[in-house]
Amino acid sequence: MRTAALGLVILVATLAAASSAAAAPPNRLQAASVSPTTGTTETVFTFSVRYHGGAAAVSVTASAAGLTVPLTLFGGAPTDGIYTGSSTLPAGTWSVTFEAIAESGNNPTATAGPVQVSAPATPTP
């Protein structure tokens, strides 16, 4: 009888833990942006995204043109905050992918762009 009761207690505890984990809101990225959207290889582009989740963000990055730019918490908290960073980009037209790594749950992504980058104008002698 004790074994059956103990088994029932374990089953109920397991189901309660699973349902509370399932009830946690998903982690998401919102308002992904890059500014400016056009420039030259000398332009410093600013990447910004809002992270909102049931778990804190461990890291947030923006990727474009084969480069990964780490973003830092600009305002808010690791569970609900604005992350920003900046970098130059090589010439081309690029989409920007944002990714957050969360303490738990899903690791959300978002996109922004396109960003058009050209070579700087050659000065006339």
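The points below comment on a predicted model, moving from its confidence and overall make-up to the sheet and then to two individual residues.

1. Confidence. The mean pLDDT of the protein is 87, and 82% of its residues reach 70 or more. The stretch to set apart is residues 4-20, over which pLDDT stays under 50 and for which the model has zero contacts beyond four places in sequence. Where pLDDT is low, the predicted coordinates should not be read in detail. Any reading of residues 4-20, where the value stays under 50, should accordingly be made with that caution in mind.

2. Overall make-up. The protein contains one helix and eight strands, and along the sequence these elements follow the pattern α-β-β-β-β-β-β-β-β. Of its 125 residues, 28% count as buried, while the protein exposes about 7400 Å², of which carbon and sulfur atoms supply 62%. Among the contacts with a separation of 6 or more, 61% come from residues 24 or more positions apart.

3. The sheet as a whole. Eight strands are arranged as an open sheet with mixed pairing, in the order E1-E3-E6-E5-E4-E7-E8-E2. Its edges are formed by strand E1 (28-35) and strand E2 (38-40), each of which pairs on one side only. On average, and with direction ignored, neighbouring strands of this sheet are turned by 30 degrees against each other.

4. The E1 end of the sheet. The edge strand E1 pairs with strand E3 (residues 45-52) in the antiparallel sense, and the pairing runs over six bridges. Within this pair of strands, glutamine 30 stands opposite arginine 50 in E3.

5. The pairings of E4. Strand E4 (residues 57-64) is paired in the antiparallel sense with strand E7 (residues 92-102) over six bridges, and valine 60 stands opposite alanine 100 in E7. E4 also pairs with strand E5 (residues 67-77), again in the antiparallel sense but over five bridges, and here alanine 64 stands opposite leucine 67 in E5. The hairpin of E4 and E5 has two residues between the strands, and in it alanine 65 takes a positive phi near 55 degrees.

6. Serine 48. This residue lies in strand E3, and the question is whether it should be described as buried or exposed. Serine 48 counts as buried because its relative accessibility is 19%, against a cut-off of under 20%; a reviewer may wish to see both the value and the limit quoted. Leaving out residues up to four places away in sequence, serine 48 touches Ala31, Ala32, Ser33, Ile82, Tyr83, Thr84 and Phe98. Of these partners, Ala31, Ala32 and Ser33 fall within the range of the edge strand E1 (28-35), and Phe98 falls within that of strand E7 (residues 92-102).

7. Glutamine 116. The place of glutamine 116 is in strand E8 (residues 109-118), and with a relative accessible area of 44% the residue is partly exposed. Once its neighbours within four places in sequence are left aside, glutamine 116 is in contact with Thr37, Thr38, Gly39, Gly92 and Thr93. Two of these partners, Thr38 and Gly39, belong to the range of the edge strand E2 (38-40), whereas Gly92 and Thr93 belong to that of strand E7 (residues 92-102). The order of the sheet places E8 between E7 and E2. The C-alpha atoms of glutamine 116 and serine 95, which are 21 residues apart along the chain, are separated by 9.1 Å.

How values were computed: Residues are numbered from 1 along each chain as its sequence is written. This is a predicted model: local features need pLDDT of at least 70, side-chain atom pairs count only at pLDDT 80 or more; totals for chains, interfaces and linings use all residues. Side-chain values use heavy atoms; hydrogens and water are left out. Two strands pair if DSSP finds at least two bridges between them. Helices (H or I, at least four residues) and strands (E, at least two) are DSSP runs, numbered from the N terminus. Axes are lines fitted to C-alpha atoms, for helices over the stretch in contact, and angles run from 0 to 180 degrees between N-to-C directions. Buried means under 20% relative accessible area, exposed over 50%, partly exposed in between (1.4 Å probe, protein chains only). Contact means heavy atoms within 4.5 Å. Accessible areas come from the Shrake-Rupley method with a 1.4 Å probe; for residues, only the protein chains shown count as cover. pLDDT is the predictor's confidence in each residue, from 0 to 100.
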